[in-house]
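Colleague: Got a minute for this model? I'd like to go through the sheet, then the ligand.

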Amino acid sequence: MKLARTLILILLLTPLLSEAISEAAFTAAREKMIKEQILERGITDPRLLNALLKVKRHLFVGPAFQADAYGDFPLPIEEGQTISQPYIVAIMTTVIAPDYKKKVLEIGTGSGYQAAVLAELAREVYTIEINPKLARKSKELLKSLGYRNIRCRTGDGYLGWPEAAPFDGIIVTCAPDHIPPPLIEQLAVGGRMVIPISYSTTVQDLLLVEKLANGKLKKTNLIPVLFVPLIRGGDAR
Ligand code: SAH
């Protein structure tokens, strides 16, 4: 009788235990990712490293990709889209330098991972996704994770979010072939935008666009990248 009770107890506890173990494995993988892919490549801002440690990237990919969530590469999410490689997320975040006073805009919510990282650092995050299915899913996930400083919208991010402008930082995570004029308009003076620009289907550059005090733009090419294209149309909210 006693043995049976012990066995039942073990059976009941096993799933809890294995969940705790896999959670520990994910944490270890996250720490390794930060050390090898971010820190050792020269990104040392402790606030950003902390944010990357806090956001559980494996929750933003499907079950089939969770084991690879902390790998040094982009991963597929639904609808033929991708979640960027952790290093690219880190670079783009560093470049716009979000802090607790800043309001930032992201174009291409996708899984919601980049938005979550930004939300750990900035005062407010506005994020726009054109694909309604992805938009719904990421909005629910970000809400379930308790983020109260993220506003999600379904629509064409080319147009930005005029009612909430100006933004101190703008991150575009899909590639247009030119800088959308509405985004330039909505960037605050002194603000920074990071955006991949595609010159052909295989050639893209990550660009830093700064709006200087005199209102002029300063553009700097950062690194070659490969993002999914920015598509146009769709204005559902
Ligand atoms: N930042 C995301 C990855 C984005 S992948 C993450 O952290 O997971 C690029 C996303 O941009 C895709 O989800 C795609 O649907 C979206 N997208 C493409 N064109 C868009 C547009 N015009 N406006 C808003 N989102 C767009």
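**Strand pairing and ligand shell**

Modeller: Start with one pair: Val 125 stands opposite Ile 150 in β5. It's a predicted model, where local features need pLDDT of at least 70, side-chain atom pairs count only at pLDDT 80 or more, and totals for chains, interfaces and linings use all residues. Residues are numbered from 1 along each chain as its sequence is written.

Colleague: In which sense do β4 and β5 pair?

Modeller: Parallel, over 5 bridges. Pairing needs at least two DSSP bridges between the strands. Strands (E, at least two residues) and helices (H or I, at least four) are DSSP runs, numbered from the N terminus.

Colleague: What lies across β4 and β5?

Modeller: Helix α5, residues 132–144, running at about 165° to β5. Axes are lines fitted to C-alpha atoms, for helices over the stretch in contact, and angles run from 0 to 180 degrees between N-to-C directions. Contact means C-beta atoms, placed from the backbone, within 7 Å.

Colleague: And the strand order in the open sheet?

Modeller: β5-β4-β3-β6-β7-β8-β9, so 7 strands with mixed pairing. The edges are β5 (150–154) and β9 (217–225), each pairing on one side only.

Colleague: New topic. How many residues surround the ligand?

Modeller: 24, with Gly 108, Gly 110, Ser 111, Gln 114 and Gly 157 the closest. The cut-off is a C-beta atom, placed from the backbone, within 6 Å.

Colleague: Which elements give two or more residues to that shell?

Modeller: β2 (82–83), α4 (113–119) and β4 (124–129).

How values were computed
Contact = placed C-beta atoms within 7 Å.
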